[in-house]
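Okay, shall we get going? I'd like to walk you through how one structure is held together, starting with the rings and ending with the helices. Here it is on the screen.

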Amino acid sequence: LEVSETSVVSAGDCRILAEIPGRRESMVICGCGHVAQNVLRLAKIIGFAVTVIDDRPEFADEARRIGADRVICDSFTHALKQIPGDTETFFVIMTRGHRYDMDCLKETIEKPHAYLGMMGSRGRCAAVKAELNRQGAKETLINELHAPIGLSIGAETPEEIAVSVIAEVIAVLHADKRKENIQPEEILSAACDGKRKVMAVITERN
């Protein structure tokens with residue numbers, strides 16, 4: 001069986017709760033300007049596997065120097081086509097212009113993700129959301145977009161803005177983990193039927 005996330009899967013006549021222990025959350029940062037560089041530093045400190053995308057070689061080199069796990073020096077559109085996304089992927093869009101923001105959003109908004117955020121002024125973010133709506137993006141997906149990105153803490157410097165972004169990411173991360181602590185309905189009903197049960201966790205397979 002191939003399992004990409006915690007779920008109940010079928011194997012023959014059996015239904016199995018499959019969990020993936022110790023998996024690292026991943027962050028994909030689009031752009032590597034001053035704020036993004038600080039987001040990269042903080043994301044690495046808290047344990048994310050970080051991919052940085054920037055089409056400018058000098059900025060891609062800076063991401064490598066800081067310690068990104070993966071750097072893609074290519075157009076945002078082409079690079080994001082290489083990243084499928086999943087329920088543990090955090091997309092952080094911090095490009096240098098409206099055009100590139102739209103390129104990133106068009107490639108990411110329908111991908112599976114834990115978080116999708118875009119940096120920008122309220123006016124710029126409103127314009128981007130209106131454009132996504134005009135192009136037919138689902139309203140539910142637009143409403144889930146964190147834009148402007150980051151918690152409202154009065155941040156001004158690149159370092160402070162990066163802190164606000166990572167704080168929001170942590171809030172989303174912990175909210176998702178609290179949801180994961182709710183046991184599937186099948187397990188809860190089995191535990192309450194009065195019969196003795198054994199739960200087995202496979203930690204290693206030969």
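Let's start at Phe90, which counts as buried, at 1% relative accessibility. Before I go on, keep in mind that this is a predicted model.

So which ring does Phe90 pair with? That's Phe48: the two form an edge-to-face aromatic pair, 5.2 Å centre to centre, with 85° between the planes. Phe48 is in the loop between helix 1 (34–45) and strand 4 (49–53), while Phe90 is in strand 6, so this pair ties together parts that are 42 residues apart in sequence. Phe48 is buried as well, with a relative accessible area of 2%. And there's a third ring to add here, because ring pairs link Phe48, Phe90 and Tyr115 into a cluster.

How many aromatic pairs does the structure hold? Three. One that I want to show you is Phe76 with Tyr100: the ring centres are 5.9 Å apart and the planes sit at 65°, so this pair is edge-to-face. Phe76 belongs to helix 3 and Tyr100 to helix 4, so here the parts being tied together are 24 residues apart in sequence. On accessibility, Phe76 comes out at 3%, which is buried. Tyr100 has a relative accessible area of 18%, and it still counts as buried because the cut-off is under 20%.

Tyr100 takes us to helix 4, so let's stay there. Besides Tyr100, the buried residues of this helix are Asp101, Met102, Cys104, Leu105, Glu107 and Thr108. What covers them? The cover includes strand 3 (26–30), helix 3 (76–80), strand 6 (89–93), strand 7 (115–118) and helix 5.

Now, helix 5 against helix 4. Helix 4 runs over residues 98–108 and helix 5 over 122–134; they pack at an angle of about 45°, with axes 11 Å apart. That angle makes helix 4 oblique to helix 5. The crossing of the two is right-handed. On the helix 4 side, the contact is made by His98, Asp101, Met102 and Leu105, and on the helix 5 side by Arg124, Val128, Glu131 and Leu132. If you look at the spacing of those numbers, here's the textbook reminder: an α-helix has 3.6 residues a turn, so residues three or four places apart point the same way. By character, this contact between helix 4 and helix 5 divides into four nonpolar residues, one polar and three charged.

Last stop, the other helix pair: helix 1 and helix 2. Their axes come within 10 Å and cross at roughly 25°. That makes helix 1 roughly parallel to helix 2. This crossing is right-handed too. Who makes the contact? From helix 1 we have Gln37, Leu40 and Arg41, and from helix 2 Phe59, Glu62, Ala63, Arg65 and Ile66. The split for helix 1 with helix 2 is four nonpolar, one polar and three charged.

Let me finish by zooming in on Glu62, in helix 2 (residues 57–66). Leaving out residues up to four places away in sequence, Glu62 touches Gln37 and Arg41. Buried, exposed or in between? Glu62 is partly exposed, with a relative accessible area of 22%. And one distance to go with that: the C-alpha atoms of Glu62 and Gly33 are separated by 9.4 Å, with their positions 29 residues apart along the chain.

That's my tour, thanks.

Key:
Residues numbered from 1 in each chain as written. Predicted model: local features only at pLDDT ≥ 70, side-chain atom pairs only at ≥ 80, totals over all residues. Heavy atoms only, no water. Axes fitted to C-alpha atoms, helices over the stretch in contact; angles between N-to-C directions. Helix = DSSP H or I, 4+ residues; strand = E, 2+ residues; numbered from the N terminus. Parallel < 35°, antiparallel > 145°, perpendicular 65-115°, else oblique. Left-handed = near helix turned anticlockwise from the far one by under 90°. Contact = heavy atoms within 4.5 Å. Nonpolar A, V, L, I, M, F, W, Y, C, P; charged D, E, K, R; others polar. Buried < 20%, exposed > 50% of the residue type's maximum accessible area, 1.4 Å probe, protein only. Phe/Tyr/Trp six-rings, centres within 6.5 Å; stacked < 30°, edge-to-face > 60°.
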